[in-house]
Amino acid sequence: MAQHDHKNPVDKLENWQEEIEQEDFKAGEMIIEHITDSYEWHIITVGHTHVSIPLPVMLYDEGEFHFFMSSELHHNNGIYQGYFISDEGFNSGKLVRKDDAGAEIRPDLDFSFTKNVLAIFFSIFLLGFIFISVANSYKKRKGKAPKGLQSLLEPIIIFVRDDIARSSIGEKRYERYTPFLLTIFFFILINNLLGIIPFFPGGANITGNIGVTGVLAAFTFIITTYSANKNYWVHIVNAPGVPWWLKIPVPLMPIVEIMGVFTKPFVLMVRLFANMSAGHIIILGFISLIFIFGEISQGLGFGVSIVSVGFSIFMDVLEILVAFIQAYVFTLLSALYFGMATEEAHHSSETINH
Amino acid sequence: MSLINPGFGLIIWMTLAFGILLFVLAKFAWKPIMAALKEREDSIENALLAAEKAQQAMEELKLGNEKLMQEAQIERDTILKEARKLKDVILNEAREKSIMETKNMIQSAREQITTDKNAALAEIKNTIASYSISIAEKILREELKDKSRQMAYAEKLLKETSLN
């Protein structure tokens, strides 16, 4: 951990003092800062001293690799080797450099080990530890009733296996997909729950990051496409039970079906990202109210804090519910897509007379 | 805008990390857990089935026992009935036999008595006859002691005969 003075890279040193004295509280910026990824893990600010964990920055730009710690960006007006964190626009919050024309451009590749990456690895170690120890207790207590952590997780595991995998995919093939479904369910759940905790090592908005949800959705998409059988593709190209004039001469239905193949994972990605981010934004919004009113008068701030904290607690409880619901929905829809992809052709008359 | 601008690095790291997680959990957690769950479910199901079977067997056994008992009862009843019948037959036979024997005995006794009586009667007759003869002899000797008397008697006899 490193302690350093925070300096906004675009502000000049001469108005530094002035800025400290009349730094306005900007709710929007604060909220966005809290729910987006960052190159360091900011833990606490005491007075004007920020405590944060510096993380390695790895860039590949113009044929050159750049490795440095994010703490380097706290000196020299936030500029290191020409790179600085953008303040506005599409790339705000990300490392950019100025090109010849003075416009901000991203480096070619940015492999930086960011806050969310660290949080992902933390949650993965947590998951690995939890489930391997549970698996060991299954081996140790073979054939006996579950105990401790095992008995807490067993109903959830059985729920995912029976009510998500088996009922959506079918008795014959569900066992192949159960490991993936269990993994995404618990990965999303644990990160949703860690995201509600406001302190280190929680607080990283992993499942509210579109990149992370995109990767999860991509896994579902790849597995769906890979395991799809002939019937699935026939369904897309020549959907049964649809009037012929929707297929010929303008292939309206095939176009819609092919779009559906891609919109399904896209919707998975957006749903999880939007739900988790929205929850965090609302909670941070309530907290921001305290500071907004506190700037007007201290008394008003304390008064509003009672209401704000009450609403925040309500939202936190709601978020716990949402954490489970979103993990369930993502897993269930993935299972349904696998089920659709592996469903065998119906030998019924419904495909003929329509 | 930064909200919907995914970081390239994050995607790479996430794919790597999630891939590792998926592999590790699938191999070291889900496989043994699923196997253990299935094994336990199977063993529970087997135990339930075995219990049901045992119950069925017990019921069958019970039914068999009852049948056996019923049969035994029926057999006992028939044996008792037969015994009773036999007893009656034997008793009746004995009674009849005894009656017959008594009858025979009475009959033979009667016959004995008749023969004895006849013998006795014959003896009495013989005795009486011999006595009569001896008495008649004695009377005749007395009557025919002298010649005159003999003559008189012979005459009398002659008279009697001629009259006839």
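## Chain A: fold, helix packing and contact with chain B

In chain A, 64% of the contacts with a separation of 6 or more are accounted for by residues 24 or more positions apart. The model is a predicted one. Chain A has 354 residues, of which 31% count as buried. Its secondary structure consists of nine helices and nine strands, and its C-alpha trace spans about 80 × 60 × 45 Å along the principal axes.

### A three-stranded sheet

Chain A contains an open sheet of three strands in the order E6-E7-E8, with antiparallel pairing. Strand E6 (83-85) and strand E8 (104-105) of chain A are the edge strands, each pairing on one side only. Strand E7 of chain A comprises residues 95-98 and pairs with E8(A) in the antiparallel sense over two bridges. Opposite Glu104(A) in E8(A) stands Lys98(A).

### Packing of H3(A) against H5(A)

The axes of H3(A) and H5(A) lie 10 Å apart, and the two helices pack at an angle of about 120 degrees. H3(A) and H5(A) are therefore oblique to each other. Their crossing is right-handed. On the H3(A) side, the residues involved are Ser123(A), Leu126(A) and Leu127(A); these meet Phe186(A), Phe187(A), Ile190(A), Asn191(A) and Leu194(A) in H5(A). By class, this contact has six nonpolar and two polar residues, with no charged residues.

### The contact between chains A and B

Chain A gives 45 residues to the contact and chain B gives 33 residues. Five elements of chain A, listed below, each supply at least two residues of the side that touches chain B.

| Element of chain A | Residues |
|---|---|
| Strand E9 | 109-110 |
| Helix H3 | 115-140 |
| Helix H4 | 149-169 |
| Helix H5 | 174-196 |
| Helix H6 | 210-227 |

Which element provides the largest share of the side of chain A that touches chain B? That share, 13 residues, comes from H3(A). By class, the side of chain A that touches chain B has 24 nonpolar, 16 polar and five charged residues.

H3(A) and H5(A) thus appear in two settings. Both helices supply residues of the side of chain A that touches chain B, and within chain A they pack with their axes 10 Å apart. Charged residues are absent from the contact of H3(A) with H5(A), whereas the side of chain A that touches chain B has five.

How values were computed:
Residues numbered from 1 in each chain as written. Chains lettered and ligands numbered in written order. Predicted model: local features only at pLDDT ≥ 70, side-chain atom pairs only at ≥ 80, totals over all residues. Contact = placed C-beta atoms within 7 Å. Helix = DSSP H or I, 4+ residues; strand = E, 2+ residues; numbered from the N terminus. Nonpolar A, V, L, I, M, F, W, Y, C, P; charged D, E, K, R; others polar. Axes fitted to C-alpha atoms, helices over the stretch in contact; angles between N-to-C directions. Parallel < 35°, antiparallel > 145°, perpendicular 65-115°, else oblique. Left-handed = near helix turned anticlockwise from the far one by under 90°. Buried ≥ 20, exposed ≤ 12 C-beta atoms within 10 Å, placed from the backbone. Pairing = 2+ DSSP bridges.
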